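Trainee: I am new to this structure and should like to be guided through it. May we proceed by question and answer?

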Amino acid sequence: MSIDIRHLIGGHPAESFSGETFETRDPHDGSLLGTVARGGPADAERAIESARSAFDEGPWPRMSPKERHKILHAVADAVEDNLEELAMLETRDSGKIITQSRHADIPRTAHNLRFFADYAAMAGNEAYPDGDLLSYTLYPPAGVVTAISPWNAPLMLASWKLAPALAFGNTAILKPAPQTPLTAARFGELALEAGLPEGVLNIVHGFGGDEVAGPLTTDPRVDRITFTGSTATGVRILQAAAPNLTPVSAELGGKSANIVFDDADLDVAVPESIRGIFAGNGQMCFAGSRLLVQRGILPEFLTRFTEAAEKLVVGDPKDPATELGPLIERRHLDKVHGYVELAQREGGTVLTGGAPLGGAGFHYPPTVISGLGNDSRTAREEIFGPVETVIPFDTEDEALRLANANPYGLSGLLFTTSLDRAHRMAARWKAGTVWVNCYLVRDLRLPFGGEGSSGLGREGGRFSREFFTEPRAVTLRL
Ligand code: NAD
């Protein structure tokens, strides 16, 4: 299979002005999946013009939330009707295991659309009668939204941005990661077929700052930038957006702590901690990549955890029996392995895994490292691979101190049967999300985002409404 992927501008497929293309390949076997239009500044310009005129003159921002609700639900229906095709495209493009694409990423894409369509149609509004005064808030759409997404959950994260942006009446330009353009391109076609008006969603493909992404972050006709990706890129985007004061929502990297107390139910803590680091082939922003275990249970926990890690089936992500697929690309495999070599230089012991598996794909085995301190580089920096660093602790205070002693603050995992402790720790944890005795469960009404180097701003429910609208106070004397 090789698909010809073009930009989507003003409701029509478009080649790049330059005529240049790049390839997207299957990280499992290296086969060519698609030839993709390589966008440059002129393509960004066209996409911004299209989104701008759809916002300034088109029907979308002028529809009632109920009318948009109907169309966004039709788009969600189209995603569900084409679930199998989208799941296989996602798995081939990203290496994500097919069970995750089928049962998590693609269904969540439809859910994101339905949730924000419903939310925008039903969200309450405040009004304050006060004598002969009546004050209330309006939430008009912000305008043109740039959405820039990463490769690790391509369509799910793109829809996490597009669904609220569109539901609140904005028009958008999506720039998917160059490693994984396939599902975004197919989604664009499905959205148009389902009735999304032309120009409301534009998609441009290509690379970072000097190419197509640059103008999408510097152009004053863009009203909001929503970005998910690495902290280094997030900083560049904030700098690019600053001269225009364009608001940026930035969901960035992580190095989350996963804390297991000696009162934890290990039948829950072991499998959830395995998911906590190895789900998504280890390439998850909120992976619990620092595993803090209370000293008394360390030997038993480590034996069970390492055995479970070794049992994970590594292989072809298209096979439903596979539990760990390949990493995204050669450069990333080299980075992940570089960190494992660094861990050994820092004095760590590799308990299992520790070397690329070879072959055509970028497979790396589940790897567990012990013997390192919380301030080693291995334990401080985001590796974004299937590599767990295990660190013992003695007391609750020490566990919290270690968890919070990191520049990132995206999430935290906690395993304990003490309800008091769970509440105490959640209140003091430097983390945007805390999961207690579970992992990856998301209620879309709650804020999502990170502290410190993990980001700026929150999205989800009313937090998305505040970001994607321009709240306006109105006061009438009656
Ligand atoms: P990345 O920062 O390299 O790229 C992300 C996107 O930004 C891509 O589309 C890329 O083309 C684009 N980009 C690159 N340079 C740019 C520039 N100067 N201006 C505008 N756009 C630019 O990140 P990645 O490697 O694709 O993704 C992995 C990272 O994403 C990890 O750090 C991970 O933790 C993070 N992530 C965070 C979350 C979250 O919700 N906090 C979720 C998933 C991934």
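The exchange below takes up the domains, the cores, the ligand shell and two individual residues.

Mentor: Please bear in mind that this is a predicted model, in which local features need pLDDT of at least 70, side-chain atom pairs count only at pLDDT 80 or more, and totals for chains, interfaces and linings use all residues. Residues are numbered from 1 along each chain as its sequence is written.

Trainee: How far apart are the C-alpha centres of domain 1 and domain 2?

Mentor: The bounds come from an automatic or database domain assignment. Domain 1 covers 3-252 + 454-473, and domain 2 covers 257-436. The separation of their C-alpha centres is 31 Å.

Trainee: Which helix supplies the largest share of the side of domain 1 that touches domain 2?

Mentor: Contact here requires C-beta atoms, placed from the backbone, within 7 Å, and 16 residues of domain 1 meet 22 residues of domain 2 in this way. On the domain 1 side, α3 (83-94) and α4 (98-122) each supply at least two residues; helices are DSSP runs of H or I with at least four residues, strands are runs of E with at least two, and both are numbered from the N terminus. The largest share, three residues, belongs to α4.

Trainee: Which helix gives the most to the largest nonpolar core?

Mentor: Such a core is a set of buried Ala, Val, Leu, Ile, Met, Phe, Trp, Tyr and Cys residues joined through C-beta atoms within 7 Å. A residue is buried if 20 or more other C-beta atoms lie within 10 Å of its own, exposed if 12 or fewer, and partly exposed in between. The largest core has 77 residues, and Ile173 is among those that touch the most other members. Ten residues of this core come from residues 154-167, which form helix α5.

Trainee: How many residues are in the second, separate core?

Mentor: This core includes Val270, Leu292, Ala399 and Leu410. Its size is 58 residues.

Trainee: Which helix provides the largest share of the shell around the ligand?

Mentor: There are 30 residues around the ligand, and Gly208, Gly209, Gly229, Thr233 and Cys285 come nearest; a residue is near if its C-beta atom, placed from the backbone, lies within 6 Å. Domain 1 and domain 2 each contribute at least three residues. Both α7 (213-218) and α8 (231-241) supply at least two. The largest share, three residues, is that of α8.

Trainee: Which residue does UniProt list for "active site", and is that residue buried or exposed?

Mentor: The listing is from an unreviewed entry and names Glu251; such annotations may be inferred rather than shown by experiment. Glutamate 251 lies in strand β12 (residues 248-251). Beyond its neighbours within four places in sequence, glutamate 251 is in contact with Thr228, Gly449, Gly450 and Gly455. Because glutamate 251 has 28 C-beta neighbours inside 10 Å, this residue counts as buried.

Trainee: What distance separates the C-alpha atoms of leucine 372 and glycine 347?

Mentor: Leucine 372 is in the loop between β16 (367-370) and α12 (377-380), and is buried because 21 other C-beta atoms lie within 10 Å. Leaving aside neighbours within four places in sequence, the contacts of leucine 372 include Gly347, Gly348 and Ile391. Leucine 372 and glycine 347 are 25 residues apart along the chain, and their C-alpha atoms are separated by 6.7 Å.

Notes: Two residues are in contact if their C-beta atoms, placed from the backbone, lie within 7 Å.
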